[in-house]
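Grab a pencil and have a go at these exercises. Try each task yourself before you read the solution under it.

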Amino acid sequence: MREIVGRSFEKQKLNELVASDKSEFVAVYGRRRVGKTFLIREYFKHDFAFYLTGIKDATTKEQLYNFSVSFEKSFKTSLNVTPANWQEAFHELSKKLEKSKKKKKIIFLDELPWLASPKSNFLNALNYFWNHWASARTDIVLIICGSAASWMIGKIVKNKGGLHNRITEKIKVNSFTLKETELFLKHKNIALNQYQVIELYMIYGGIPYYLETVKKGKSVAQNIDESCFNKSGLLYDEFQNLYASIFTNHENHVKVIEALSKKNVGLNRDALLQHTKMNDGGSFSKILEELEESGFIRKYNYFGKSKRDALYQLVDFYSLFYFNFLKNNTQENYWSANIDHPKHRAWSGYSFELVCLMHEKQIKKALGIEAVQANVSSWKSKNDNQNVQIDLLFDRRDQIITICEMKYAMSTFSIDKKYAQNLRNKISVFKQDSQTKSAVHLAMVTTYGVLKNENYFELVQNNITMERLFD
């Protein structure tokens, strides 16, 4: 058995489910490669009453044959014939489970979207199995899992038919935080400092499968070259497989991702339609919903703007990295050779901002405002000619607005005369545009801190260094 690193919230949820005095129906979902299957397998130490995983693009007949094989492995006895349909398969399963002496009977159905293909009648059979047998007992934990988060939510969690409101718990498995990433690498005996962990995170985004490619004794640049830029690397063709494995007609999803990769702050719906040349309507809404539910994009509002002005932003680190450096790039060892390239520096600055956005809870804790209610948002000046923007601000209930400036640097960051004037201008324009009556505080979020010069003492209220992002 392998140790589960991090995942304290998810493990606590599973502890509660196992201790429950009633049967539980659990939906586990999250993007591809995030470690859903690993979590469930290792938490239960592979000790399932029944375990079945779907096969991509298989026919119903092939899936049912696979059910028979899994049945034999689980119960050490074979079915006389392969079930003719899913209703019959679940009937055979319930009969066998009734004879099981396990105190808690854990049933794990993995890659459910592949099992429940169109016209398979799988969901109707699952509905009957749960509603007419499992839910009446107290010893069943039925876990369903799938990478297509939007399918899992639409077809299971928000199902309007027989499964409506039947899910008793849902667990979304997210990417590792920086802290979990650090723990994962230490568990592999990989010695990197926190700056280097952030470097990796800006490319891999805390995806365990990607982090598995990191090898002991090699630098970050060497690891990136080997996994991403060398043709034999595990992640060299990852982008081509990533979206195709999750979404039907994934080409349109990729169009949206590519459009967003060119605009760091994001695009609104109208601009996305213009960039992708797609038609407005329900299909486009579904694509946006699917990408958001799967964790590739986020939807957010500028401070003071209505929901109609919402922006969509690419927040998947690997996809952003792909469009900046991997697409149409055939140069091996590219990363090591271009560390000081201006394009690399520009990408590093923005990607670090994205790391901070993904760790807003840790920043809030570092500010000492965990207990203070605060709305988190971004802001852009009304006058486009001013081109003034704030990527992260906390509008606090205690009448303070904290503006965060995020800077990625290899050493202590210095606020020089020009940058100090830019900060003064940004704060001034924000106050004027927003007409806020709250006090405005500036917080610097940097890797190695800020030099305490005259500009620092004049402008900075809070100084947050990278180790606080690892809380």
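Below are five exercises on this predicted model, each with its solution worked out step by step.

**Exercise 1. A helix and its surroundings**

Task: Work out whether helix H9 (residues 194–204) is largely enclosed or not, and find what its buried residues pack against.

Solution:
- Step 1: Go through H9 and pick out the buried residues, which are Gln194, Tyr195, Val197, Ile198, Leu200, Tyr201, Met202, Ile203 and Tyr204.
- Step 2: That makes 9 of the 11 residues buried, so the rest of the structure largely encloses H9.
- Step 3: Look for the packing partners of those buried residues. They are helices H8 (178–187), H10 (208–211), H11 (220–229), H16 (317–326), H17 (334–337) and H18 (342–357).
- Step 4: Now check the ends. At the N-terminal end, Asn193 acts as a cap, with a side-chain oxygen 3.2 Å from the backbone nitrogen of Tyr195. After H9 comes Gly205, and its phi is positive, near 60°.

**Exercise 2. Two residues in two helices**

Task: Decide whether Ala89 is buried or exposed, do likewise for Asn66, and list what each one touches beyond its neighbours in sequence.

Solution:
- Step 1: Place Ala89 first: it sits in helix H4 (residues 86–98).
- Step 2: The relative accessible area of Ala89 is 0%, and buried means under 20%, so Ala89 is buried.
- Step 3: Skip the neighbours within four places in sequence, and Ala89 is in contact with Leu64, Phe67 and Pro83. Phe67 is 22 residues away along the chain, yet the two C-alpha atoms are separated by 7.6 Å.
- Step 4: Over to Asn66, which belongs to helix H3 (residues 60–75). Its relative accessibility is 16%, so Asn66 counts as buried too.
- Step 5: Not counting residues up to four places away, Asn66 touches Leu52, Thr53 and Ile55. With Thr53 there's a polar contact: the Asn66 side chain reaches the Thr53 backbone oxygen at 2.9 Å.

**Exercise 3. A residue before the helices begin**

Task: Find out whether Glu3 is buried or exposed, and name its contacts.

Solution:
- Step 1: Glu3 is in the segment before helix H1 (8–19).
- Step 2: Its relative accessibility is 52%, and exposed means over 50%, so Glu3 counts as exposed.
- Step 3: Setting aside neighbours within four places in sequence, Glu3 still has contacts with Phe38 and His187.
- Step 4: Try a distance as well. Glu3 and Leu39 are 36 residues apart in sequence, and their C-alpha atoms are 9.5 Å apart.

**Exercise 4. Hunting for disulfides**

Task: Say how many disulfides the whole structure has, then take a look at Cys356.

Solution:
- Step 1: Searching the whole structure turns up 0 disulfides.
- Step 2: For Cys356, the nearest cysteine sulfur belongs to Cys404 and is 8.2 Å away. A disulfide needs the two sulfurs within 2.5 Å, so that pair doesn't qualify.
- Step 3: Check burial too. Cys356 is buried, with a relative accessible area of 0%, and Cys228 is buried with 0% as well.

**Exercise 5. Describing a pocket**

Task: Describe the second largest pocket by its volume and its lining.

Solution:
- Step 1: The volume is about 1300 Å³.
- Step 2: 46 residues line this pocket, and the closest to its centre are Asn174, Ser175, Thr177, Met358 and Lys361.
- Step 3: Sort the lining by type, and you get 17 nonpolar, 14 polar and 15 charged residues.
- Step 4: Strand E7 (residues 297–300) gives the most to the lining, with 4 residues.

Key. Residues are numbered from 1 along each chain as its sequence is written. This is a predicted model: local features need pLDDT of at least 70, side-chain atom pairs count only at pLDDT 80 or more; totals for chains, interfaces and linings use all residues. Side-chain values use heavy atoms; hydrogens and water are left out. On a 1 Å grid over the protein atoms alone, a cavity is a set of points where a 1.4 Å probe fits but cannot get out, and a pocket is an open set with protein on both sides within 12 Å along at least five of seven lines; lining residues have an atom within 4 Å of a point. Grid points are joined across faces, edges and corners, and a volume is the space filled by probe spheres set on the points. Helices (H or I, at least four residues) and strands (E, at least two) are DSSP runs, numbered from the N terminus. Ala, Val, Leu, Ile, Met, Phe, Trp, Tyr, Cys and Pro count as nonpolar, Asp, Glu, Lys and Arg as charged, and the others, Gly among them, as polar. Buried means under 20% relative accessible area, exposed over 50%, partly exposed in between (1.4 Å probe, protein chains only). Contact means heavy atoms within 4.5 Å. A polar contact is a pair of N or O atoms within 3.5 Å; within protein, one must be able to donate a hydrogen and the other to accept it, and residues adjacent in sequence count only if both atoms are side-chain atoms.
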